[in-house]
Amino acid sequence: LNSLMKLRASSVVTKGDLLGLDEAKSGGMFSLRKSKLHLERVFMLGNRDAILSNIDKPPIIYHTAAKRGHKFPYQEIFRTTHRLLMDTATTETAFIADFFTDSDAKISGVGGDARWAAKQEMILFESIFNKTTSLFIENLEQYLSKTYDCLELLILVRVVSLHTQMMRQRQTECLDMFFDRINMLLWPRFKVVLDSHLASIKNIRTNSVVSRGDMSPFFLSPRYAEFASGIDILNKEYQDSIITSNMGRIREAVGKLLETLAVRVGSDSKRTEIVFLINNYDTILKVFDDKNLESETAKSFKEKLHNQVAKYVEMELRNCFSKLIEFVRSSEQKVAEAVDKKIKMPTLDLETGAEIVRSFRQGWQNKVAQIDLHVNSDFSSRNTGHEGTGKASEILKQILIQLVLYYQRLQEVVKKCYRRSPSFMKDLVPIPTIMHEIKKYGSSR
């Protein structure tokens, strides 16, 4: 164990590496300022979970690794040392059963039943391995006192779970108590570190970490996305309620913080507030999408994103087509009331309707171009934090489709109220013409 510990690589994650740490305020008289890249990297799972799918991989051979100058993360040292302990314990248990236990007692019950024999074997095993297992516990305690890596802690928990299954497949329970003690050390430490991240989020001073009008993603969003997706991957096969509930608390804290920051960023501009939230939610979901990960966290932020995009779409359309939208909605309400009361269909304000139709015909293309400029400005790479115009194109498409729907609803509500079409209906722009224009915007990206 001591030899293998010499091969351990130094930990990248330190006590100050918290989700809510502002890199601009990190560092001090005796420490260097933490970079943005470092504070994103420490929360990445990367390929560290590969150890779980390669749990049967042969243990590290110390002399070979030392000669080649290889270094390993603690989780790999942990897996190797525990695997060696398991192999030795399995062999010794079989030896104890063969040479130190009364075989007649196990078979016939003479001198005690099979349970008594198994208990005697366990007592003898513990007397032999007690110092060894105590050394493992002491080594783990030393590691835990200095580790702040939640992802690695959860990986260790999963390694213990897989090792427990392996020992059961070998039909021996000699290390059950040892594995229980390991878990009793790992879980509390995991909770302590997780709570420190939650506290760091809640302690962020919202009045000094963002600038008014800055719609780019907040520094917490990419970190949180990497961290939460990593935890979700490690919990996918287990669905531990402890993890689910605690990550739910962190998710709620992140959501509340972003909403608070959005108000400050937006100041008196609802538009800026909405764009800020869309960019942050999109940043979080991009990480989950890249990992093909569906989880409660992903579902929660997808719903938040959907709601904000819907607000943005409606806001943008109202800026350019407010009279059309108001006319359609008020007319539909009158029709609905007439149907509900089973009375004659209402008479609409045809003068207003005619004005709306003429105005739309004369200026709808210019207004669509104006919307295009707004959307591409709001969701430029400078604001979204990543290259490409994917989000802008997606939102523009939703706006234009919603515009077509409003225009269709205008025609339908008029038809319901009048058997003979009013004269202004001949000035309507054909829907195929509008759809053709929409396709131009889609193909230009």
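Author: pLDDT is the predictor's confidence in each residue, on a scale from 0 to 100. You are looking at a predicted model, in which local features need pLDDT of at least 70 and side-chain atom pairs count only at pLDDT 80 or more, while totals for chains, interfaces and linings use all residues. Residues are numbered from 1 along each chain as its sequence is written, and side-chain values use heavy atoms, leaving out hydrogens and water.

Reader: Glad to have that! Which element of the protein chain has the highest mean pLDDT?

Author: Helices (H or I, at least four residues) and strands (E, at least two) are DSSP runs, numbered from the N terminus. The chain has 17 helices and zero strands, and its mean pLDDT is 87. Helix α6 (residues 103-107) has the lowest mean of the elements, 49, and the highest, 96, belongs to helix α10 (residues 220-235).

Reader: And over which residues does pLDDT stay under 50?

Author: Where pLDDT is low, the predicted coordinates should not be read in detail. The model does have 14 contacts (heavy atoms within 4.5 Å) beyond four places in sequence for this stretch. The stretch where pLDDT stays under 50 is residues 105-112.

Reader: Now to the inside: which helix gives the most to the largest nonpolar core?

Author: Buried means under 20% relative accessible area, exposed over 50%, and partly exposed in between (1.4 Å probe, protein chains only). A nonpolar core is a set of buried Ala, Val, Leu, Ile, Met, Phe, Trp, Tyr and Cys residues joined through side-chain atoms within 4.5 Å. The largest one holds 131 residues, of which Phe-218, Phe-227, Tyr-312 and Leu-324 touch the most other members. With 15 residues, the greatest contribution to this core comes from helix α13 (residues 296-341).

Reader: Where does α14 bend?

Author: The expected span of a helix is 1.5 Å times one less than its number of residues, which for the 29 residues of α14 (350-378) gives 42 Å, yet the end C-alpha atoms are only 37 Å apart. A bend is the angle between axes fitted to the seven residues ending at a residue and the seven starting there. For α14 this angle is about 60°, and the residue in question, one of the buried ones in the helix, is Gly-363.

Reader: With which side chain does the side chain of Thr-297 make a polar contact?

Author: Thr-297 lies in α13 and is buried, with a relative accessible area of 2%. Beyond four places in sequence, Thr-297 touches Tyr-224, Ala-228, Asp-232 and Phe-288, among others. A polar contact is a pair of N or O atoms within 3.5 Å; within protein, one must be able to donate a hydrogen and the other to accept it, and residues adjacent in sequence count only if both atoms are side-chain atoms. At 3.3 Å, the partner of Thr-297 is Arg-251.

Reader: Is Ile-274 buried or exposed?

Author: Ile-274 sits in helix α12 (residues 270-290). Beyond four places in sequence, Ile-274 is in contact with Gln-308, Lys-311, Tyr-312 and Met-315. Because its relative accessible area is 4%, Ile-274 counts as buried.

Reader: One last one: what is the phi of Lys-342?

Author: Most residues other than glycine have a negative phi. Lys-342 lies in the loop between α13 and α14 and is exposed, at 77% relative accessibility. Its phi is positive, near 55°.
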